[in-house]
Amino acid sequence: MFELMGEKIDARPELRIKRTRTHCMVACQNKGPILVVYPEGVWYQCADETALERIVVEHLEGGREVSDLIFHRLAEGDTCRLENQHV
């Protein structure tokens, strides 16, 4: 899926997208592969090429989240913000 994602991005030079491979994203209860879109913080379960194509076309190109593939969304409290830290 990582290579296929690269092909889909390369075929769309107008998209300003970077991809990276990571190790465990603490999403063990979900079957991978997992695709996360930032800055939105939307986590997709990307099980096959059809799902990947929908994410690329609908979200990355069209700006619309693919709600039926989302299994997590970053929300307030999921990340530690500097202004909330006590040193």
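Contact, as the word is used here, means that heavy atoms lie within 4.5 Å of each other. The structure is a predicted model, in which local features need pLDDT of at least 70, side-chain atom pairs count only at pLDDT 80 or more, and totals for chains, interfaces and linings use all residues. Residues are numbered from 1 along each chain as its sequence is written, and side-chain values use heavy atoms, with hydrogens and water left out.

The secondary structure of the chain consists of two helices and three strands. These elements are DSSP runs numbered from the N terminus, with helices (H or I) of at least four residues and strands (E) of at least two. Along the sequence they follow the pattern α-β-β-α-β.

The three strands form an open sheet in the order β1-β2-β3, with antiparallel pairing; two strands are said to pair if DSSP finds at least two bridges between them. Because β1 (34-37) and β3 (70-73) stand at the edges and each has a single partner strand, one side of each is left without a neighbour in the sheet. Neighbouring strands of this sheet are turned by 25° against each other on average, direction ignored; the axes behind this angle are lines fitted to C-alpha atoms, for helices over the stretch in contact, and angles run from 0 to 180 degrees between N-to-C directions.

The pairing can be followed residue by residue. β1 and β2 (residues 42-45) are joined in the antiparallel sense by four bridges. Within this pair, I34 has Q45 as its bridge partner, and V37 stands opposite V42. β2 and β3 also pair in the antiparallel sense, over three bridges, with W43 opposite H72.

The hairpin of β1 and β2 has four residues between the strands. P39 is found in this loop, and a cis peptide bond with omega of about 15° joins Y38 to P39. G41 takes a positive phi near 75° in the hairpin. For comparison, most residues other than glycine have a negative phi, and most peptide bonds are trans.

What lies inside the chain? Buried residues (under 20% relative accessible area with a 1.4 Å probe, protein chains only; exposed is over 50%, and partly exposed lies in between) make up 28% of the 87 residues. The largest nonpolar core, a set of buried Ala, Val, Leu, Ile, Met, Phe, Trp, Tyr and Cys residues joined through side-chain atoms within 4.5 Å, has 16 residues, of which M5, L35, Y44, L52 and I55 touch the most other members. Two or more residues come from each of α1 (2-10), β1, β2 and α2 (49-61), and α2 gives the most, with five. Residues up to four places away in sequence not being counted, I55 touches L35, Y44, C46, L60, V66 and L69.

Helix α1 has L4, M5, G6, K8 and I9 as its buried residues, and these pack against β1 and α2. Is K8, in this helix, buried or exposed? Its relative accessibility is 10%, so K8 counts as buried. The side chain of K8 makes a polar contact with the side chain of E53 at 2.4 Å; such a contact is a pair of N or O atoms within 3.5 Å, and within protein one must be able to donate a hydrogen and the other to accept it, while residues adjacent in sequence count only if both atoms are side-chain atoms. Leaving out residues up to four places away in sequence, K8 touches E49, L52, E53 and V56.
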